[in-house]
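Hello,

I promised to pass this one on to you, with some notes to help you find your way around. Here it is, and my notes follow below.

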Number of protein chains: 2
Amino acid sequence: MSHTTIKDIAVRLGLSTSTVSRALRNHPDISEETRKNVTKLAEELDYRPNLFAQGLKNQQSQIIGVIVPQVKHYFFSAIMSGITDVAYKAGYTVIICQSNEDFQREVTNAQTLLSQRVAGLLVSVSQNSDNLEHFDIFIRRNIPVVFFDRVPDCVNSSCVTVDDYQGAYKAVEYLVKQGYRRIAHIGAQDNLSISANRFKGYADALKNNNIPLDETLVVFTGLNEEHGMEGFDQLHARLDTLPDAIFAVTDPVAVGAFIRIKELKLRIPQDIALVGFSDNPVVSLIDPPMTTVHQPAADIGKTAAGLLFEHIQSGRQFQPKHVVLPTELIVRQST
Amino acid sequence: MSHTTIKDIAVRLGLSTSTVSRALRNHPDISEETRKNVTKLAEELDYRPNLFAQGLKNQQSQIIGVIVPQVKHYFFSAIMSGITDVAYKAGYTVIICQSNEDFQREVTNAQTLLSQRVAGLLVSVSQNSDNLEHFDIFIRRNIPVVFFDRVPDCVNSSCVTVDDYQGAYKAVEYLVKQGYRRIAHIGAQDNLSISANRFKGYADALKNNNIPLDETLVVFTGLNEEHGMEGFDQLHARLDTLPDAIFAVTDPVAVGAFIRIKELKLRIPQDIALVGFSDNPVVSLIDPPMTTVHQPAADIGKTAAGLLFEHIQSGRQFQPKHVVLPTELIVRQST
DNA sequence: ATCGTTGCCGCAATCGATTGCGGCAACGAT
DNA sequence: ATCGTTGCCGCAATCGATTGCGGCAACGAT
């Protein structure tokens with residue numbers, strides 16, 4: 001038992017495939033009676049249009065591609081959830097690829113999605129992507145691309161980011177106002193603007209509050225939980241006395257540091273304060289609940305998908321936009 | 001600038017499309033020199049095969065479809081990560097749909113994936129799916145389907161589950177051995193085997209340890225955090241004295257109860273013990289770290305995807321399998 | 001009787017890749 | 001000179017849906 005085609009319907013009704021096609025698409029040339037016969041039989045035979053044939057003919061798919069570094073991180077899965085919902089309402093299907101922070105895999109993913117002739121592409125680049133040429137061909141072939149969260153220099157394509165600099169600045173300034181002076185930073189040394197901007201917000205907040213930047217208080221390890229542990233270990237090994245407070249580049253990094261601090265039986269925030277970035281659900285549940293910078297994850301997904309569909313629909317005259325969503329400092333008991 | 005086709009290459013080299021196609025597929029009929037010319041030009045022109053044309057011709061896609069209730073829940077995103085990795089290695093692309101626990105949306109998703117002519121389907125059914133006819137057509141058309149975690153009666157298709165009954169049984173028996181007697185259950189009243197089996201494990205563990213099942217200690221609300229709060233509220237309103245311990249059907253439900261317990265300033269486990277099911281990362285970080293039943297989420301995804309590819313490759317003679325993965329009780333400080 | 005109009009439908013080309021079949025050139029063997 | 005073989009390649013059909021163009025039947029108008 002194979003798939004029902006338009007031809008099966010045509011033969012059974014003594015019609016041409018043209019007529020069946022038109023009937024299914026409600027073309028005005030087709031009489032009401034024929035249309036009813038066709039749709040009835042199509043339903044009976046469980047007809048589903050072959051999207052290969054449609055795509056081939058129309059040179060367009062109803063698929064959008066998404067490339068994220070890690071599917072299982074809350075931040076990205078929340079974004080994907082937002083994207084998926086917007087796409088569903090627009091009648092599009094979503095192909096999700098994860099690069100696993102691997103540059104080569106990101107390139108392969110992009111090529112696969114190009115072969116799929118996706119109608120558009122949503123990308124958050126992997127951590128060690130210094131080269132973004134694999135996306136150029138989408139631009140050249142006029143396939144809309146929207147970058148989100150982790151973005152390159154957005155010249156020819158739209159971007160959705162949050163205000164990383166402001167978020168970091170406000171968080172660190174808050175720490176200063178609370179009386180903390182030796183404020184450490186665990187960040188990531190990569191090509192990502194989020195890492196750079198959050199570090200810059202940290203540095204500027206210190207500077208503008210007359211606290212010199214102490215380089216021994218800054219380590220660069222990465223963006224995940226294990227990097228948080230590693231970063232804390234480096235600070236612990238390097239310093240005679242631990243810092244007053246730590247501003248971590250992401251919530252997972254903060255959680256990594258949190259685990260180490262707990263292992264050392266230190267009290268938060270009395271011995272050391274801790275601030276993350278993202279507002280993952282987990283950080284509100286740990287003890288003490290952690291102060292963090294809220295990022296509207298689902299909104300990022302929805303906004304990025306919205307921009308993409310806007311671009312798809314308006315075609316060449318679309319002007320790339322750079323949307324910056326606000327962040328918000330969520331003060332909890334870790335500071 | 002549109003997509004490069006096999007014809008573009010053929011024209012530029014004065015060859016036929018047949019020859020170009022064969023050259024790209026390393027057909028032995030093609031001379032080494034021609035093959036080199038073709039592959040070189042293909043690279044220069046950034047040729048990517050049109051998967052619509054290939055799919056149409058081969059009546060097969062290199063796409064597998066995945067339907068999950070919720071993308072952003074850790075358990076499912078971890079499974080998806082496993083699936084995505086296995087698929088990537090097998091050269092397949094993954095389309096992910098989320099049903100949002102909505103039956104109608106699950107049906108629509110299935111139809112979309114059928115139109116996409118997916119090579120196979122991985123499904124975890126939504127909570128209120130009492131009717132599974134929308135998957136019958138895949139079976140009839142010989143498209144492999146593997147259900148995971150939330151499965152129907154697996155007769156004609158493969159299934160991957162964990163041992164829900166044993167997991168629940170061991171958890172509740174452990175509570176009994178620890179001396180707890182008034183053990184409540186917050187579960188879900190739905191058509192899912194996971195809910196039924198975990199409740200059955202709970203009930204049997206009590207019975208076999210000579211504790212009568214007290215129906216006032218059992219509430220059925222749902223599978224998510226808000227249902228945990230709701231379930232706890234119902235118990236709180238109904239009972240004069242709260243139970244000794246709560247066995248929750250999932251970790252999110254346990255976390256919901258956890259939040260309420262904390263709000264009431266009760267101590268865990270002195271005033272009330274708490275056990276979840278899944279071993280989400282969050283439950284090891286809260287205070288106290290929560291006892292739970294570990295489910296190997298990534299393994300579920302990998303096993304399900306593995307079974308699917310096995311089925312795809314062996315075709316009609318494949319015998320559906322039902323794989324049950326073991327669970328493990330992780331004892332922490334909440335009991 | 002001729003013509004124009006309207007309603008309704010079919011022919012055939014098209015999208016891009018694949019592949020069975022056939023065919024030509026070049027060569028050596030007889 | 002004829003024949004068979006080998007290497008290499010092209011013709012043309014095919015997958016399923018779409019659509020410009022044309023065409024026929026039926027009808028009323030002149």
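A word on elements before we start: helices (H or I, at least four residues) and strands (E, at least two) are DSSP runs, numbered from the N terminus. With that in hand, H2(B) gives the most to the surface near DNA strand C, with 4 residues. "Near" here means that a heavy atom of the residue lies within 4 Å of the molecule or strand.

Some housekeeping. This is a predicted model, in which local features need pLDDT of at least 70 and side-chain atom pairs count only at pLDDT 80 or more, while totals for chains, interfaces and linings use all residues. Residues are numbered from 1 along each chain as its sequence is written, chains are lettered from A and ligands numbered from 1 in the order in which they are written, and side-chain values use heavy atoms, with hydrogens and water left out.

DNA strand C

In total, 26 residues surround DNA strand C, and the closest are A:Ser16, A:Thr19, A:Thr34, B:Ile6 and B:Tyr47. Sugar or phosphate holds 59% of the strand C atoms within 4 Å of the protein, and bases hold the rest. Several polar contacts (pairs of N or O atoms within 3.5 Å; within protein, one must be able to donate a hydrogen and the other to accept it, and residues adjacent in sequence count only if both atoms are side-chain atoms) are worth a look. On the base side, a side-chain N or O atom of A:Ser18 is 2.8 Å from a base nitrogen of strand C, and one in the side chain of A:Lys57 is 3.0 Å from a base oxygen. On the backbone side, a phosphate oxygen of strand C lies 2.5 Å from a backbone N or O atom of B:Ile6.

Both protein chains take part: H2 and H4 of chain A and H2 and H4 of chain B each supply at least two residues of this surface. By class, the surface near strand C has 7 nonpolar, 13 polar and 6 charged residues. For those classes, Ala, Val, Leu, Ile, Met, Phe, Trp, Tyr, Cys and Pro count as nonpolar, Asp, Glu, Lys and Arg as charged, and the others, Gly among them, as polar.

DNA strand D

Around DNA strand D there are 26 residues, of which A:Ile6, A:Arg22, A:Tyr47, B:Thr19 and B:Thr34 come nearest. Of the strand D atoms that come within 4 Å of the protein, sugar and phosphate account for 58%. A:Ile6 has a backbone N or O atom 2.5 Å from a phosphate oxygen of strand D. Two residues reach base nitrogens of this strand: A:Ala53 with a polar backbone atom at 3.3 Å, and B:Ser18 with a polar side-chain atom at 2.7 Å. The elements that give two or more residues to this surface are helix H2 (17–24) and helix H4 (51–58) of chain A, together with helix H2 (17–24) and helix H4 (51–58) of chain B. H2(A) provides the largest share, 4 residues.

How the two chains meet

A rotation of 180° with 0.0 Å of shift along its axis superposes chain A on chain B, with an RMSD of 0.0 Å; the two copies are thus related as by a two-fold rotation axis. The superposition is by least squares on the C-alpha atoms of residues with pLDDT of at least 70 in both copies.

The contact (heavy atoms within 4.5 Å) takes 54 residues from chain A and 54 residues from chain B. Because 100% of the interface residues of chain A are also interface residues in chain B, the copies meet through the same surface. Between them the chains bury about 5,300 Å², 58% of it on carbon and sulfur atoms; buried area is the accessible area (1.4 Å probe) that two parts lose on being put together, summed over both.

There are 4 salt bridges across this interface, a salt bridge being a side-chain nitrogen of Lys or Arg within 4 Å of a carboxyl oxygen of Asp or Glu. One to look at joins A:Arg105 and B:Asp85 (2.9 Å, N to O). On the side of chain A that touches chain B, H5(A) has the largest share, with 8 residues.

Happy exploring!
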